[in-house]
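Here's a protein model to explore with us. Have a look around it, then read on.

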Amino acid sequence: MSGSLSAIPLFRQALDPKQEAKALDRLAKDPAIKRQMEAYKTAVAKAKDLDSALRDPRVLNVLLPAMGLGDQVGNTALARKALTSDLTDAKSLANQLTDTRWKDAATTLDLKKKGLDALRDPKLLETLDKGIRELSWRNGLDERATGISDALYFQESAKNATNAYHVLGNAVLRRVVTGALGLPDEFALQSVETQAKVIERRINLKDLQDPKKVQKLAERYLVMANMNNSTTPSFSLPGFGQSSGINLIL
């Protein structure tokens, strides 16, 4: 099942907590995920120090995806520096990167303070295990309709974006908003200030605090992402925009 017609009901079904819980319980028995987690535990147990742990692909292949940074697997040097940043220093790498997911992950892990022990913490192991299972579930949804995992992330995290720069600074939020608005790839070539002004003109950022309006924007993104036409027009689709309750100025 694929395409924009199936994406919306699939997304709405995935928003049901019972559906997610059922899927995660099923994936708890997945042998591939079990092997991945065992490899992680072995690697951090044998690591001599934090730096060596963060150089080990067995660690990063779990840590980054579970922290919402699956697209950064392979960026070992960046991961080591960003995740161990001193967040009290405004000039530290995590604070300087435009992609705020790194800062979020560094805050959650607190590696600068806790060191290698943080990666061995039983509570973190539970978080990582759940994160990997959740990622596997969402990847499966993406195979059925493009963009479902992005839409789910957006539904959860849009409330954290209180200005256009927060949207532009998060790769997934940016992808959903620009996709929903039908903005072309060339949009990224403009200055950040210009991009922010466009976002502020096209959506009412206060709507990101309203779960119902966030859902409508996420669904608009899914429609645009699953359109058969390779060109993405910038116009209001039936059921979206002002009439749908989200303040899109198109």
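Below is a short tour of two pockets, a helix and a loop residue in this predicted model.

## The largest pocket

Let's begin with open space. Rolling a probe the size of a water molecule over the atoms shows where empty space is left. The largest pocket found here has a volume of about 1000 Å³. Its lining is made up of 34 residues, and the ones nearest the centre are Met67, Gly68, Leu69, Tyr153 and Ser157.

So which helices build the wall? At least two lining residues come from each of α2 (17-27), α5 (57-66), α8 (101-109), α11 (122-144), α12 (148-157) and α14 (171-180). The top contributor is α11, which puts in eight residues. Sort the lining by class and you get 11 nonpolar, 12 polar and 11 charged residues.

## The second largest pocket

Next comes a pocket with a volume of about 360 Å³, the second largest. It has 15 lining residues, with Arg175, Thr178, Gly179, Leu183 and Asp185 closest to the centre. Two elements, α14 and α16, each give two or more residues to this lining.

Here α14 gives the most, with five residues. The class count for this second pocket is eight nonpolar, four polar and three charged residues.

## Helix α3 and its two sides

Now pick out α3, a helix of 16 residues running from 31 to 46. From first C-alpha to last, α3 reaches 22 Å, close to the 22 Å expected at 1.5 Å a residue.

Which residues of α3 are buried? They are Ile33, Met37, Tyr40, Ala43 and Val44. Look down the axis of α3 and these buried residues fall within an arc of 125 degrees, so they line one face of the helix. There's a handy rule behind patterns like this: an α-helix has 3.6 residues a turn, so residues three or four places apart point the same way.

The cover over the buried residues of α3 includes α2, α5, α10 (116-120) and α11. Over on the other side of α3, Pro31, Arg35, Ala45 and Lys46 are exposed.

## A buried residue in a loop

Finally, find leucine 205, in the loop between α15 (192-202) and α16 (211-225). Is leucine 205 buried or exposed? It counts as buried because its relative accessible area is 14%, and the cut-off for buried is under 20%.

What does leucine 205 touch, leaving aside neighbours within four places in sequence? Its contacts are Asn163, Ala164, Val167, Ile199 and Glu200. Take valine 167: it sits 38 residues from leucine 205 in sequence, yet their C-alpha atoms are 9.4 Å apart in space.

Notes
Residues numbered from 1 in each chain as written. Predicted model: local features only at pLDDT ≥ 70, side-chain atom pairs only at ≥ 80, totals over all residues. Heavy atoms only, no water. Helix = DSSP H or I, 4+ residues; strand = E, 2+ residues; numbered from the N terminus. Buried < 20%, exposed > 50% of the residue type's maximum accessible area, 1.4 Å probe, protein only. Contact = heavy atoms within 4.5 Å. 1 Å grid on protein atoms, 1.4 Å probe; cavity = no way out; pocket = protein on both sides within 12 Å on 5 of 7 lines; lining within 4 Å. Points joined across faces, edges and corners; volume = space filled by probe spheres on them. Nonpolar A, V, L, I, M, F, W, Y, C, P; charged D, E, K, R; others polar. Expected span 1.5 Å × (residues − 1). Arc of directions from axis to C-beta.
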